[in-house]
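Please take me through this structure, one selection at a time, and tell me what I should find at each stop.

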Amino acid sequence: MRNIALACLPLLCVAAVAQDDPLTMAEVAARMQPYAGVSVPGVDPRTLIGKVMCGYQGWFTAPEDGSQRGWTHYGRRGRFEPGYCSIDLWPDVSELDDDEKFATAFRHADGAVASVFSSFCRKTMLRHFRWMKEYGIDGAFVQRFAVETYHSLNLNHCNTVLAHCREGANLQGRAYAVMYDLSGLRAGQMSHVMDDWKSLVDRMRIGRDDQDSAYLRHGGKPVIAVWGVGFNDGRSYTLAECEAFIRFLKHDRRYGGCTVMLGVPTGWRTLDRDSLADSRLHEVILQADIVSPWTIGRYASLPSIARHAEERWKRDLQWCRSVKNASLPPSRRARRE
C-alpha cells in the first residue's frame with residue numbers, strides 16, 4: 001500500500017440461491033462478450049475523486065423475466081405473496097413501461113395489481129442509469145456476489161446484470177466498476193473468485209477494453225472493490241486469503257494492475273465494534289488503495305452523523321493520511337510537511 005484513501009459507500013449483502021441449473025457453464029461463458037456499443041462522454045471515469053458512486057446490487061428477479069430464478073430477493077423460500085415478503089419498501093414503478101413490470105399477488109388499496117421490476121430486464125437497467133444522469137449520480141459499483149458465481153443460473157444473472165450496467169454507463173456517460181461481495185464465501189474458495197475475475201477480463205475485457213471507456217479508473221488503473229474484509233460476524237474466509245486476493249488484483253502480471261478499494265467494518269481502525277480484533281487487518285488494508293467503511297445502522301439522526309464523523313471518519317482520514325505520508329520518499333515528505 002502506497003497511497004491509501006477513505007471512501008464511504010453503504011451496501012447490502014445477499015445469499016446465494018440454491019437450485020438446479022438449466023444452463024451449462026460453457027453456455028454461460030459463451031454469452032460473455034466485450035462491449036461493442038457506443039460510449040457517450042459524460043463524467044470523467046479516470047478518477048474516483050469528487051464522484052458520487054452508488055452500490056448497485058442488481059439482485060431482484062421475477063418469474064417470466066428470462067432469468068429462470070423466480071422470485072429472488074423479494075420474498076422468502078421462493079414465494080412472494082402476503083406472508084412471504086422480505087423487502088422494506090415497495091419499488092415505485094410508475095415510470096416503467098408495461099413490459100418492465102412484473103405482477104405480484106399483492107394488491108393496492110384500490111384493488112389494482114401491485115407490480116415490481118426485475119434486475120434481469122435490460123430496459124430497466126438502462127433506465128436506472130438514465131436516472132443516475134438526471135439526478136447527478138456519477139456511477140455505480142456493480143456488486144458481484146462471490147457465492148453466486150458457482151452455479152450457471154446465478155452466474156448468468158450476475159453476468160447479465162454487469163453487461164446491462166456496462167451498457168447503461170456507456171450510454172449515459174456514467175462510470176461503473178466491479179465490486180466483489182465476499183459474504184457467504186467459505187474458507188479455501190478465494191481462488192474461485194480469482195478465476196472469476198480472470199474470466200471477466202478474458203471474456204468481457206472488463207477494465208481492459210478501450211471500447212468500454214465508462215469503466216472507472218483511479219491513479220491510471222482500473223478500480224475494483226472487494227467488500228467484506230475484517231468483519232467479526234463469523235466469516236469463514238481468512239484475512240490471509242483476503243490479502244492474497246488483493247495482491248493478485250494489484251500485482252498479477254496478466255490480471256492485476258488494479259486500484260483496489262476495500263469494504264471494511266466501521267471499527268476497522270480501532271479494531272472494535274463490528275471489526276475483528278486482529279491487528280493483521282491493518283496489514284491487509286495496507287495492501288489496498290482505498291478504504292470504504294460500512295456505515296449502515298451506525299447513525300440514525302443528523303446529530304449522530306456529526307458525532308460519527310467526528311469520532312470515526314475524522315480519525316480514519318488522519319490514519320490514512322499518516323500512512324500515505326509515511327510511504328513518500330523523504331524529499332517529497334518534507335515538501336508536504
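What covers the buried residues of α5? In this predicted model, local features need pLDDT (the predictor's confidence in each residue, from 0 to 100) of at least 70, side-chain atom pairs count only at pLDDT 80 or more, and totals for chains, interfaces and linings use all residues. Residues are numbered from 1 along each chain as its sequence is written, and side-chain values use heavy atoms, with hydrogens and water left out.

Select residues 239–251, which form helix α5 (helices are DSSP runs of H or I, at least four residues, and strands runs of E, at least two, numbered from the N terminus). Its 13 residues should span 18 Å at 1.5 Å a residue (times one less than the number of residues), and the end C-alpha atoms are 18 Å apart, which agrees. Buried here (under 20% relative accessible area, 1.4 Å probe, protein chains only) are, among others in α5, Cys 242, Phe 245, Phe 248 and Leu 249. Their cover, made by contact (heavy atoms within 4.5 Å), includes β6 (175–181), α4 (190–204), β8 (221–227), β9 (259–264) and α6 (280–285).

Next select Trp 197, which touches Phe 248 and Leu 249, as well as residues including Val 178, Ile 224 and Cys 258. Trp 197 is one of the residues touching the most other members in the largest nonpolar core, of 67 residues (buried Ala, Val, Leu, Ile, Met, Phe, Trp, Tyr and Cys joined through side-chain atoms within 4.5 Å). The largest share of this core, seven residues, comes from α4.

Finally, colour by confidence: the protein chain averages a pLDDT of 91, but over residues 9–20 the pLDDT is below 50. Where pLDDT is low, the predicted coordinates should not be read in detail.

Notes. Buried < 20%, exposed > 50% of the residue type's maximum accessible area, 1.4 Å probe, protein only. Lists of a residue's contacts leave out its neighbours within four places in sequence.
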